[in-house]
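Biologist: Before we look at any details, could you take me through how to read helix packing and sheet order in a model of this kind?

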Amino acid sequence: MDHSARTMLGDKASKSHLTVNTNGGEKPHVWSSSEGGCQIDIGKQIFCNRSLNMKNIIAVGFDMDYTLAQYKPETFESLAYEGTIRKLVYNLGYPQELLEWTFDWKYMVRGLVLDKKRGNILKMDRHKYVKVAYHGFKELSKEDKVGTYGNTLIQDSFDEPDYALIDTLFSLAEAYLFAQLVDFRDNNPGKVPQGTDYSRMYKDVRAAVDLCHRDGTLKQMVAKNPKRYINEDTSIVPMLKMLRASGRSTFLVTNSLWDYTNIVMNFLCASRTSDGGITCNFDWLQYFDVVITGSAKPGFFHEGKHANIFEVETESGMLLNTDNGTPMPQVGNTSPKVLLKGLNKSCRVFQGGSVGHLHKLLSIESSSQVLYVGDHIYGDILRSKKVLGWRTMLVVPELEREVELLWELRDMRKQLRLLRNERDLVEDQIHHLKWALKFESLRNDEKQKMTSAVGELESHRDQVRLAHQQAQWECHQKFHKIWGQLMKTGYQNSHFAHQVERFACLYTSQVSNLSLYSPDKYYRPSEDFMPHEFHILPL
């Protein structure tokens, strides 16, 4: 077995998901997908951190934005960036030359941390050691990086209020804009509003983003032309049909309000006309038992029924009073016909509420019977897993390209390990000889011979170290020229990968990948090897 292909998300064997045919050179497939001889493309596989038997799941829920609806970063994130710039200039007093700025949607990645006070952007490993650091767009030297983040008696937690986590794709545009503002302030200190430091600039960026969402700027543009901003995925409807045919309830919980939710879900689920157009109706509701809009996640996940929940009349968008989700008589001029139609449909649509209401509506007795699929570690996955005990699946669109690159670069990664092993071996030999020179009784000719050997080994070590560093940098740039591999930093799992490992039972590149697996599948993680066992596995 090819050692490099054992670990598609890094060199840790406990994350080994793949089997490989080294003779035929075929792409690997997940252990679980080999049932019945079915092979699944490497970018569509579902990876497992914790065993999950789908036979125990009675309800499967979904987030909408960046889960069911995958936005196109080149158009949607650019739209968000431009809207935020306008708010900064026209609402918050920033100079008009910002309107000439452009957005590189490929520059930022998820898993980064913004240092609001210092204007730095960091990539950390799972132990919270800073491995890559930039001030604006200027890379910090190793000395500056260590001096700032590595010389404290108590390790920094890198949490709010001094830091901001870039943990959702929605945050990429604001992170890029923050870096631009840091450089702008450094080079033009008199052009930013007086008293504006890095922290204030970040606060202003967040305020501008919130203004864009609050006044509907972004969603109005998406609603006018969903195809320009959202990827089409014809596998979503078959996936939902498969889950419902298996006897499971399905639900949607989104922070978006009903009007926008209906437009997006129509685009994703509606059948296309011959000219590619979409007939806007409510047919997509047939694929769900309950839809909750305006959920205000992550607060939604705090169990209880103290939050107000209203039923949504789908045609008018009118909110109807309920008694914790139970229909109640309406007062005023509410039309009885509209009310009756709204309450008797197979799928009920609500706004607000909390997870307690959802459990009641779906008759869920145990949280472990729910699988929730989302894209946001903190907003969707962490809260639902840690607070409720729901089973979780994280959607990581970047994963598709990452695992394909890992497969393509398997020879380069194997060479990296060989160089690292050679470097370590030479280091051990040098230390052994130096120890002998210092503490052992040796003849002069023996000392001279060993001293010469140490010099040769040190020269060889420097050559190997240089070759290893160059190869490591080349591999790093294959994934992303600035930040490298999403799930790794150096030889450690990245902070992002650590969060995925902790809180996601399953993770995959697209929600519709569920349609490639049996709805009764038993997902199992691969064998957990101890480090010493991994090193003696046959190559």
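Modeller: What follows goes from the chain as a whole to one helix pair and then to one sheet. This is a predicted model, in which local features need pLDDT of at least 70 and side-chain atom pairs count only at pLDDT 80 or more, while totals for chains, interfaces and linings use all residues. Residues are numbered from 1 along each chain as its sequence is written, and side-chain values use heavy atoms, with hydrogens and water left out.

Biologist: How many helices and strands are there in the protein chain?

Modeller: Helices (H or I, at least four residues) and strands (E, at least two) are DSSP runs numbered from the N terminus, and the protein chain has 16 helices and 22 strands.

Biologist: At what angle do helix α1 and helix α4 pack?

Modeller: Two packed helices are described by the angle between their axes and the distance between the axes. Axes are lines fitted to C-alpha atoms, for helices over the stretch in contact, with angles from 0 to 180 degrees between N-to-C directions. Here α1 (residues 73-90) and α4 (residues 198-214) pack at about 115 degrees, with their axes 8 Å apart; the two are therefore roughly perpendicular (65 to 115 degrees).

Biologist: Which residues of α1 meet α4?

Modeller: Taking contact as heavy atoms within 4.5 Å, Gly 83, Thr 84, Lys 87 and Leu 88 in α1 meet residues of α4 including Asp 204 and Val 205.

Biologist: In what order do the strands of the open sheet run?

Modeller: Two strands pair if DSSP finds at least two bridges between them, and eleven strands form an open, mixed sheet in the order β3-β21-β18-β17-β5-β11-β12-β16-β13-β14-β15. β3 (46-48) and β15 (326-327) each have a single partner strand, so one side of each is left without a neighbour in the sheet.

Conventions. Angles under 35 degrees count as roughly parallel, over 145 as roughly antiparallel, 65 to 115 as roughly perpendicular and the rest as oblique.
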